[in-house]
Amino acid sequence: MKVLNLCCTQGHGFEGWFASEDDFLAQNNRGAVECPLCADTAVTRLPSAPRLNLSRARETERTASATQTAAAPPAGVDLQARWLQAVQHALRHTEDVGDRFPEEARRIHYGETAQRGIRGQASDEDRAALADEGIEVMTLPLPAAVKGSAH
């Protein structure tokens with residue numbers, strides 16, 4: 001198993017696990033590798049240092065250093081993790097009404113149905129019409145990986 005450091009065109013860094021370099025290349029060429037944060041399929045491999053087991057003492061030293069590093073992840077990694085947690089929270093605590101979103105948002109706004117959190121799809125025109133009626137909506141693009149894990 002190969003663990004590769006990857007990056008999308010938006011600069012989001014993430015790891016990918018592949019059976020081999022050829023497996024990564026094959027999946028990436030057909031667009032099957034995507035950023036877990038933004039769903040970008042334009043993914044490149046970042047350079048990574050090889051792992052050499054030169055001695056047990058160095059391995060112990062490296063493990064201690066890695067533990068300290070793991071305790072304080074880089075700011076970007078922490079921000080990505082928090083964003084994914086927020087998205088997953090929103091998905092767990094809202095009802096998916098699909099393409100009925102504009103109608104259901106109006107029904108809730110005008111008191112025709114119970115107040116609750118909903119999510120779904122709406123066109124740009126539908127979002128503009130809802131805003132004109134004073135109904136606040138928010139666009140939240142979701143990567144396929146997040147969509148699949150929430151259902």
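Helices (H or I, at least four residues) and strands (E, at least two) are DSSP runs, numbered from the N terminus. Just past α1, G31 has a positive phi of about 75°. At the other side of things, S20 caps the N-terminal end of helix α1 (residues 21-29). A side-chain oxygen of S20 sits 3.4 Å from the backbone nitrogen of D22, and a polar contact here is a pair of N or O atoms within 3.5 Å, where within protein one must be able to donate a hydrogen and the other to accept it, and residues adjacent in sequence count only if both atoms are side-chain atoms.

Keep in mind that this is a predicted model, where local features need pLDDT of at least 70, side-chain atom pairs count only at pLDDT 80 or more, and totals for chains, interfaces and linings use all residues. Residues are numbered from 1 along each chain as its sequence is written, and side-chain values use heavy atoms, with hydrogens and water left out.

So how confident is the predictor? The pLDDT, its confidence in each residue from 0 to 100, averages 82 over the protein chain, and 75% of the residues score at least 70. Confidence is highest in helix α4 (residues 101-109), with a mean of 96, and lowest in helix α6 (residues 144-150), at 54.

Helix α4 turns up again at the largest pocket, where it gives the most to the lining, with four residues. A pocket is an open set of points on a 1 Å grid over the protein atoms alone, where a 1.4 Å probe fits, with protein on both sides within 12 Å along at least five of seven lines; lining residues have an atom within 4 Å of a point. This one holds about 810 Å³ of space, a volume being the space filled by probe spheres set on the points. Of its 27 lining residues, F101, I118, R119, G120 and M138 lie nearest the centre.

Now for the cysteines. The structure has zero disulfides, a disulfide being a pair of cysteine sulfur atoms within 2.5 Å. Two cysteines show why:

| Cysteine | Closest cysteine sulfur | Relative accessible area |
|---|---|---|
| C8 | C38, 3.8 Å, too far for a bond | 5%, buried |
| C38 | C35, 3.7 Å, too far for a bond | 31%, partly exposed |

Buried means under 20% relative accessible area, exposed over 50%, and partly exposed in between (1.4 Å probe, protein chains only).

Definitions and conventions: pLDDT = per-residue confidence, 0-100.
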